[in-house]
Amino acid sequence: MALMNNTVQTIDWNGVRAMVFDMDGTLLNTEQVIIAAASHTLEHLGYAPLPQGYRMPNMFGTAADLMVDVLKERGVPLPAGGHAQAGALFERFYAAQPAGAAPLYDGVLDWLHAAQAQGVALGVCTNKQYALALKGLEAAGILELFSVVTGRDSCGIAKPAPEPLLHTLSQMQVLPQEAVFFGDTHADAGCAHAAGVRFTWFTSGFGTDRVHDFPQALAFADFRELSLATA
């Protein structure tokens, strides 16, 4: 994805007490897991599975948002239970997929260890259901690195509302100005902006140019590019 010419490519990590991360498309490459769950949901509802090479029309919302957009794109009506049933089915099939199906992006583990070694607290703020977030982080072998995990059901509202991120920071006992939020989509960027938290954009995730609607303290394509040398 092309970056804006005026995107800041360095950040001063001094004073950063906490790093909070989105999960899907930022820490974990869950694209194929998400597509498979959507395909299984379609089959469960009696329709054809998604074709090979399918690209999701939405990769940033809640489970229900993702699934409803797939149904619309495929010309399939909502199930009798509507939006809620579509999301519940998607989450059921997502949860049933094998551990390790969603790999960490290159450099994530080293970055998390480097930040932790500098005394930086680590948290996760995701639109995934809390229980699914715990399962995904545990399967990736990184759950124990995070002091707080916030799911979309942790405070009753999803990103881009600021409440999930503010809840995460409150649990970490860190002020917004002392934190950095790592994410890949405009939902993450909007959440950070509304919460008064610096946003760091992982451009290799699932985001689109809509991220440019919000300020970025840093944009990067590979965690291996980052350095805590100034911390």
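Which residues in α1 meet L89, F90, R92, F93 and Y94 in α3? We will come to that pair of helices after a walk through the sheet. The model you have in front of you is predicted, so local features need pLDDT of at least 70 and side-chain atom pairs count only at pLDDT 80 or more, while totals for chains, interfaces and linings use all residues. Residues are numbered from 1 along each chain as its sequence is written, and side-chain values use heavy atoms, with hydrogens and water left out.

Let's start with the sheet. Its 6 strands form an open sheet in the order β3-β2-β1-β4-β5-β6, and the pairing is parallel. Here, helices (H or I, at least four residues) and strands (E, at least two) are DSSP runs numbered from the N terminus, and two strands pair if DSSP finds at least two bridges between them. At the edges you will find β3 (148–150) and β6 (218–220), each of which pairs on one side only. Neighbouring strands are turned by 20° against each other on average, direction ignored. Axes for such angles are lines fitted to C-alpha atoms, for helices over the stretch in contact, and angles run from 0 to 180 degrees between N-to-C directions. Within the sheet, β1 (residues 18–21) and β4 (residues 179–183) run parallel and are joined by 4 bridges. One place to look is V20, whose bridge partner in β4 is F181.

Now turn to the helix that lies on these strands. Helix α4 (residues 108–117) packs on the sheet and touches β1, β2 (121–125) and β4, and its direction makes about 155° with that of β1. Its buried residues (under 20% relative accessible area, where exposed is over 50% and partly exposed is in between, with a 1.4 Å probe and protein chains only) are V108, W111, L112 and A115. They sit on the same side of α4 because they cover an arc of only 100° around the axis, the arc being that of the directions from the helix axis to the C-beta atoms. An α-helix has 3.6 residues a turn, so residues three or four places apart point the same way. The buried residues of α4 pack against β1, β2 and β4, whereas D110 and A117, on the other side, are exposed. After α4 comes G119, with a positive phi near 85°.

Next, back to the helices of our opening question. In α1 (31–44), the residues V33, I34, A37, A38, H40, T41 and H44 meet L89, F90, R92, F93 and Y94 in α3; contact means heavy atoms within 4.5 Å. α1 and α3 (residues 82–95) pack at an angle of about 120°, with their axes 8 Å apart. That makes α1 oblique to α3, since angles under 35 degrees count as roughly parallel, over 145 as roughly antiparallel, 65 to 115 as roughly perpendicular and the rest as oblique.

α1 also has a partner in α2: their axes come within 10 Å and cross at roughly 60°, so these two helices are oblique to each other as well. On the α1 side, I34, A38, T41 and L42 meet L66, M67, V70, L71 and R74 in α2.

Finally, two residues are worth a visit. A64 lies in α2 (residues 63–74) and counts as buried at 12% relative accessibility. Leaving aside neighbours within four places in sequence, A64 is in contact with H83 and G87. T62 lies in the loop between α1 and α2 and is buried, with a relative accessible area of 13%.
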